[in-house]
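Q: I am new to this structure and would be grateful for a close look at a single part of it, followed by an account of its surroundings.

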Amino acid sequence: MSEELERLQKVIAKSGVTSRRKAEVLITEGKVTVNGKTVTELGTKVKSSDIIEVEGIPLENPEKVYILFHKPTGVITSVSDDKGRKVVTDFFPGLQLRIFPVGRLDYDTSGLLLLTNDGDFANQMTHPKYKMQKKYVAKLKGFLLREQVKELERGIKLEDGMTAPAKVKVKSQDREKNTTLVEITIYEGRNRQVRRMFAHFGHEVVKLSRIEYGPLTLKGLNAGDARELSPHEVKTLRNLALNKS
C-alpha cells in the first residue's frame with residue numbers, strides 16, 4: 001500500500017517550525033530540502049518517510065502546545081529582534097519547545113495573543129478565509145461620529161483595499177479630554193489595521209488592546225501573564241475557523 005502524500009508546506013507547518021505561509025516563503029527561497037535535494041516548488045508533495053530539512057535542520061514532531069498570552073505594550077511580537085528589544089517568547093524561558101506567535105500585535109498594542117508550535121493551527125487562526133473574530137478596545141483622539149461608525153460597519157477603503165464590515169460600539173466620550181473609547185470587532189488581520197481604520201477619519205489611536213479572540217478572553221490574566229489553552233478551547237477555535245471558511 002502506497003504512502004499518503006501531503007503538500008510540503010503543510011508538513012513543515014505541522015512539525016511546528018513555522019506557519020504554513022512562512023513555510024511557503026522558506027520553500028521558494030530554497031531553504032528546504034527533501035531527501036537531500038533543494039525544493040522550491042510549492043506544489044511539491046512528500047511522503048511520511050521522506051527526510052525533510054528546513055535551513056539544514058531535520059523536521060521533528062514535538063508535542064503541540066497552545067498558549068494564551070496577555071501581551072504588554074513595549075514588546076515585539078516575534079521570536080527575536082535584531083535591536084535587542086524584548087520579544088514575546090522572552091516570557092517563556094522555561095519552555096523547552098520552540099513556539100511562535102499566531103499573527104501579531106504591534107509594539108504599542110497590548111492584549112490577547114496566541115502562541116503555538118502548531119503551524120496548521122496558526123494558519124487556521126490567521127488566514128483571511130477563516131474570518132476569525134477579534135475584538136479591540138481603542139482610545140481615540142477626537143469624537144467618533146455616528147456616520148463614521150456606520151462607514152466602519154459597512155467597510156472602508158484603505159490603501160490595501162476595502163475592509164470587511166466591522167462591529168463598532170462607542171463606549172464613552174470625554175469632552176474635556178476630547179477622546180472617545182470604542183470597541184471594534186474585525187475579522188481580518190492586516191498590518192496595523194485598527195489604527196489605520198480610525199486614521200481614515202483623522203482619529204489617532206492613543207491606546208489599543210485586543211480583548212477577545214474568537215471565544216477567548218483575557219479573564220484572570222494581567223499583562224505578562226499566560227496560560228495554556230484546554231483541548232476543548234483548541235477544538236472550538238478549529239471548528240469556528242472551519243465553519244466560516
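Which residue stands opposite glycine 111 in E9?

A: In this predicted model, the residue that stands opposite glycine 111 in E9 is lysine 71. This pair belongs to the antiparallel pairing of E9 with strand E7, which covers residues 66-71 and is joined to E9 over six bridges.

Strand E9 itself runs over residues 110-116. It is mostly covered, since seven of its seven residues count as buried, a term that here means under 20% relative accessible area.

E9 has further partners. Strand E8, residues 100-102, pairs with E9 in the antiparallel sense over three bridges. Within E8, proline 101 stands opposite leucine 115 of E9. Strand E15, residues 205-213, pairs with E9 in the parallel sense over two bridges. Glycine 111 takes part here as well, and its bridge partner in E15 is arginine 210. Glycine 111 thus stands opposite lysine 71 and also has arginine 210 as a bridge partner. In general, strands of a sheet pair through backbone hydrogen bonds, in either the parallel or the antiparallel sense.

The loop between E7 and E8 holds aspartate 81. Aspartate 81 has a relative accessible area of 18%, and it therefore counts as buried, given that the term applies under 20%. When residues up to four places away in sequence are set aside, aspartate 81 touches Ile76 and Val87.

Another loop residue brings the account back to E8. Glycine 16 lies in the loop between helix H1 and helix H2, the latter formed by residues 20-28. Its relative accessibility is 5%, so glycine 16 counts as buried. Leaving out residues up to four places away in sequence, glycine 16 touches Arg98, Phe100, Asn117, Asp118 and Gly119. Of these, Phe100 falls within the residue range of E8, 100-102. Glycine 16 and phenylalanine 121 are 105 residues apart in sequence, and their C-alpha atoms are 9.6 Å apart in space.

Helix H1, residues 8-15, also has a part in a pocket: it gives the most to the lining of the second largest pocket, with three residues. That pocket holds about 290 Å³ of space. Its lining has 14 residues, of which Val11, Lys47, Ser48, Ile52 and Asn61 lie nearest the centre. By type, the lining divides into five nonpolar, three polar and six charged residues.

A separate description concerns an open sheet of four strands, in the order E3-E2-E5-E6 and with antiparallel pairing. Its edge strands are E3 (37-38) and E6 (57-58), each of which pairs on one side only. Strand E2, residues 32-34, is joined to E3 by two bridges, and the two run antiparallel. One bridge links threonine 33 to its partner in E3, threonine 38.

These parts may finally be placed within the whole chain. The chain contains six helices and 17 strands, and its C-alpha trace spans about 70 × 40 × 40 Å along the principal axes. Of the 245 residues, 45% are buried. Among contacts between residues at least 6 apart in sequence, 65% join residues at least 24 apart. The chain exposes about 13,400 Å², of which carbon and sulfur atoms supply 48%.

Key:
Residues are numbered from 1 along each chain as its sequence is written. This is a predicted model: local features need pLDDT of at least 70, side-chain atom pairs count only at pLDDT 80 or more; totals for chains, interfaces and linings use all residues. Side-chain values use heavy atoms; hydrogens and water are left out. Buried means under 20% relative accessible area, exposed over 50%, partly exposed in between (1.4 Å probe, protein chains only). Two strands pair if DSSP finds at least two bridges between them. Contact means heavy atoms within 4.5 Å. On a 1 Å grid over the protein atoms alone, a cavity is a set of points where a 1.4 Å probe fits but cannot get out, and a pocket is an open set with protein on both sides within 12 Å along at least five of seven lines; lining residues have an atom within 4 Å of a point. Grid points are joined across faces, edges and corners, and a volume is the space filled by probe spheres set on the points. Ala, Val, Leu, Ile, Met, Phe, Trp, Tyr, Cys and Pro count as nonpolar, Asp, Glu, Lys and Arg as charged, and the others, Gly among them, as polar. Accessible areas come from the Shrake-Rupley method with a 1.4 Å probe; for residues, only the protein chains shown count as cover.
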